[in-house]
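Student: I've got a structure open and I'd like to work through it with you. Could we take it one question at a time?

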Amino acid sequence: MITPEPQWITQAKKGNSEAFSRLVEIYQTPVYNLCYRMLGDPYEAEDAAQEAFLRAYHAMRQYDERRSFTTWLLSIAAHYCIDQIRRRRLQLFSLDEAEYLEPPDAAPGPEQSYSINEVQRKVQALLNHLSPQDRAAVVMYYWYDFSYDEIAGALSLTVSAVKSRLHRARLALAQEWTDRETQAQAAERKQNDKAHSPAF
Amino acid sequence: MTKLTHQPFSTWLLSDEPLTPEEMRQLQEHLRFCQECQQQQGAWLQVHRLFQDAGQVAPAQGFVARWQQRMITARHHKQRQIAWAWFGLCAGFSTLALFFLAYLAINSLQSPLSLVSLWVYRAVLAFSYWNSLAAYLGVIKGLVPGFSIIGIAFLAGFISFLSVLWLATYRQLSSARRVVR
């Protein structure tokens, strides 16, 4: 994991926006990636990552330098994303619909520089089946190599709760993968049957 | 849909904790016959590989610049909110003051004679207070002949300060220490 220059953190704690901008530069990818994995949409991920940095900037005075800055920052981002998902659910927005949306057109905007390839689409489809907190735990564990302790600290959970959530998430992911494979095989079989059936 | 609940093998398959040689042997033995657990193991391995292949997604170019712009906008928004809050507070107080003055004006217009008599009474009262105070001060000055009125005020203040200091020191020394070195 990245380690920022301690003087930037110290300066940022004093309210130096230039120093904080350097931290944004260093952490933009990890924070954006977490938001993207959590929300599954590039627009929302961009917005959430920016909001997470803004919240971190305002809460910088409360940051305890004995803690890992990465854990603290990603914790803010994760909590924000969890809130967003809950709010989205209240607005009766279906995640299942979102996962099949095509990436936005080449209109000018933050999404322009990358496209969602097949792997990313599959990952998002799987992650979207997890609860927000399980998803955050999985992302922190597999994309950031966080320890159980770090995840527990970041998500305000106990270590045993993290272990249990990760186990539950792995089980759900494996189950979802199996179901998708079965569905894909069934669809393929159906297509083959159609192709080989005699035309009247 | 099949439920993958073959304990403890299902837990072992998904666990990151290292298994003992005996547990490993039991798991291998179970996997030889259990198709569901084989399927679960295969599915989880595929998911894990997928996670490894996915890597981290980076934001579009210019993220920092956009963040700086957003920070400026947020700051302006906050300033505007504070300004509006102050404006609302001042407007509220002004309205209250206006109502109060209007109430006084209506009352005084209804009975101007009683208002004038009230103010005359207040002026006489203030004058009598001032006379009484001058008489008290004259008595005090007579008691301490060497000091002026200001000197007496300073002396009284100094004695009061010493009393407070004594009281505070006494409390500090008599209370138990909180930090034991």
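Tutor: Sure! One term before we start: two residues are in contact when they have heavy atoms within 4.5 Å. Also keep in mind that this is a predicted model.

Student: Okay, how many residues of chain A are in contact with chain B, and how many of chain B with chain A?

Tutor: Use that 4.5 Å cut-off on heavy atoms. Counting each side of the interface by itself, you get 46 residues for chain A and 37 for chain B.

Student: How much area do chain A and chain B bury between them?

Tutor: Let's start with what sort of atoms are involved: carbon and sulfur atoms hold 65% of the buried area. In chain A, the residues that lose the most area to chain B are A:Gln50, A:Arg170 and A:Trp177, together 15% of what that side buries. The area that the two chains bury between them is about 3800 Å².

Student: Which residue of chain A forms a salt bridge with B:Arg70?

Tutor: The rule finds four salt bridges across this interface. A salt bridge needs a Lys or Arg nitrogen within 4 Å of an Asp or Glu oxygen. For B:Arg70 the closest N and O atoms are 2.8 Å apart, and the partner is A:Asp47.

Student: Which helix gives the most to the side of chain A that touches chain B?

Tutor: Helices that give two or more residues to that side include H3 (42–58), H9 (159–196) and H2 (17–39) of chain A. The side divides into 25 nonpolar, eleven polar and ten charged residues. With twelve residues, the helix that gives the most is H2(A).

Student: Now chain A by itself. How many helices and how many strands does it have?

Tutor: Go along chain A from the N terminus, and the elements run α-α-α-α-α-α-α-α-α. So the tally for chain A is zero strands and nine helices.

Student: Is A:Arg61 buried or exposed?

Tutor: Find A:Arg61 in the loop between H3 and helix H4 (69–90) of chain A. Its relative accessible area is 63%. The cut-off for the upper class is over 50%, so A:Arg61 counts as exposed.

Student: And which residues is A:Arg61 in contact with, leaving aside neighbours within four places in sequence?

Tutor: Look for a part of the chain that is far off in sequence: A:Lys14 is 47 residues away from A:Arg61 along the chain. Even so, the C-alpha atoms of these two are separated by 7.3 Å. With the sequence neighbours left aside, the contacts of A:Arg61 are A:Lys13 and A:Lys14.

Definitions and conventions. Residues numbered from 1 in each chain as written. Chains lettered and ligands numbered in written order. Predicted model: local features only at pLDDT ≥ 70, side-chain atom pairs only at ≥ 80, totals over all residues. Heavy atoms only, no water. Buried area = accessible area lost by both parts, 1.4 Å probe. Salt bridge = Lys/Arg side-chain N within 4 Å of Asp/Glu carboxyl O. Helix = DSSP H or I, 4+ residues; strand = E, 2+ residues; numbered from the N terminus. Nonpolar A, V, L, I, M, F, W, Y, C, P; charged D, E, K, R; others polar. Buried < 20%, exposed > 50% of the residue type's maximum accessible area, 1.4 Å probe, protein only.
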